[in-house]
Amino acid sequence: MAADQLNAAPHTPHASPHAPAPAAHPMAGPGYGKRSAPGQRPYTGHDFAHLTPREAAIAAYIDRLPDGSDISVKTLARTLPYGQCALRTALNRLQAAGHLRRGSECVTTDRLMLWVTRTFFSRTARDDEWWEAFERGDVPVERRERPTRSRAFTLLAALGRTAPALSLSAAECASLEPQVSEWFARGATDAETLCALTTGLPTPVHHAASLLRRRLTDKMPPHRPAPARGPALITLECGECRAPGSPGALSGGRCRACRGDTVDTPAGPPGAVPTEDVRERVAAVRAGLVPRSERTARARGVRTRR
């Protein structure tokens, strides 16, 4: 236990949700590095409380890094007060705790298809079943509490920052909220909605709520079909030997061999015939052969009688 706490971080392991990401941390090559797992719960003050202080500090640091950051052992050792051995152990324990998985993802463009190495990180600890669904591209949707402020209400409440003449009261935001929600349901983005509401304002604006209600009605966009999303092409790998594993084979992020589990494998190379079937197959082959005397006679053109 004492050995696990060597080189412990002198700072608080749990970073504030609003703390800025470390600016000096290097980014990985294009397409590589950290990737945040989807469907994570909001920040809390005890996201990594189940980990040891050192592992919690490393997890909080990685959590604040943007996607694409280089979180290899060598790079983390240059930015954190831990050695490579300690970091490798900590990352393996984060993997066992359900916060991290290593794998590959297929990235397609108009010209090529490329497999790139990913390190998927989840602030929310996930079990093996969730990671299996993530590999299949079928992440289960968790039930969440309804937010106190919707996306539409938030946009309306912030209009005054873009156009001071459109500052609204809470009651006015609530009355216009259904119309803005309908815009979002039709596929409009925040930027498009904001542009439609704030561009070309008259001077002065006598009643902001009435003006916005009229614009939301007159400029209502048509329904836009959601872009088709192809199946995810992700392959998870063993955290130790880096061998790709099928769903269900990577318990805790490690394959059976690295976990030390015994696997019943047939003797010999793949596809070898079991010993007990060899004699039966040889007998069947011999029964189907043409006798040598008959083959010789056929070669000489002599017709044999049966």
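1. The buried residues of helix α7 pack against three other helices, namely α5 (151-157), α8 (190-198) and α9. The residues of α7 that count as buried are Cys173, Leu176, Gln179, Val180, Trp183 and Phe184. The model under discussion is a predicted one, and the remarks below should be read accordingly.

2. The geometry of α7 deserves attention. Helix α7 comprises 16 residues (170-185); at 1.5 Å a residue it should span 22 Å, and its end C-alpha atoms are indeed 22 Å apart, which agrees. There is nevertheless a kink of about 45° at Glu177, shortly before the proline Pro178. Just after the helix, Gly187 adopts a positive phi of about 105°.

3. As to the overall composition, the secondary structure of the protein chain amounts to 12 helices and four strands. The chain has 306 residues, of which 32% count as buried. Its exposed surface comes to about 19,700 Å², with carbon and sulfur atoms supplying 54% of that area. Among contacts with a separation of 6 or more, 67% are between residues 24 or more positions apart.

4. How many salt bridges does the structure hold? There are seven salt bridges in the structure. Side chains of opposite charge can pair when their charged atoms come close. Three of these pairs are described in the points that follow.

5. The side chains of Arg101 and Asp128 form a salt bridge, with 2.9 Å from N to O. This pair links distant parts of the chain: Arg101 belongs to strand β2 (residues 100-108) and Asp128 to helix α4 (residues 128-136), 27 residues apart. Arg101 is buried because its relative accessible area is 3%, under the 20% limit for that class. Asp128, by contrast, is partly exposed, with a relative accessible area of 26%.

6. Helix α4, which carries Asp128, also contributes buried residues: Trp130, Trp131, Ala133, Phe134 and Glu135. Just after α4, Gly137 takes a positive phi of about 80°.

7. Arg101 also appears in the surroundings of Thr119. Thr119 lies in strand β3 (residues 113-121). Is Thr119 buried or exposed? At 17% relative accessibility, Thr119 counts as buried, since the limit for that class is under 20%. Leaving aside residues up to four places away in sequence, Thr119 touches Gly33, Lys34, Arg35, Ile71, Leu100 and Arg101.

8. A further salt bridge joins the side chains of Asp218 and Arg214, at 2.7 Å from N to O. Why are these two residues about one helical turn apart? Asp218 and Arg214 are separated by about one helical turn because they are four residues apart in helix α9 (residues 208-218). An α-helix has 3.6 residues a turn, so residues three or four places apart point the same way. Both partners count as exposed: Asp218 has a relative accessibility of 51%, and Arg214 has a relative accessible area of 57%. Helix α9 is also one of the elements against which the buried residues of α7 pack.

9. The side chains of Glu182 and Arg186 likewise meet in a salt bridge, at 2.9 Å from N to O. Glu182 counts as partly exposed because its relative accessibility is 29%, a value between the limits of 20% and 50%.

How values were computed. Residues numbered from 1 in each chain as written. Predicted model: local features only at pLDDT ≥ 70, side-chain atom pairs only at ≥ 80, totals over all residues. Heavy atoms only, no water. Salt bridge = Lys/Arg side-chain N within 4 Å of Asp/Glu carboxyl O. Buried < 20%, exposed > 50% of the residue type's maximum accessible area, 1.4 Å probe, protein only. Expected span 1.5 Å × (residues − 1). Bend = angle between axes of the 7 residues up to and from the residue. Contact = heavy atoms within 4.5 Å. Areas by Shrake-Rupley, 256 points an atom, 1.4 Å probe, with all protein chains shown as cover.
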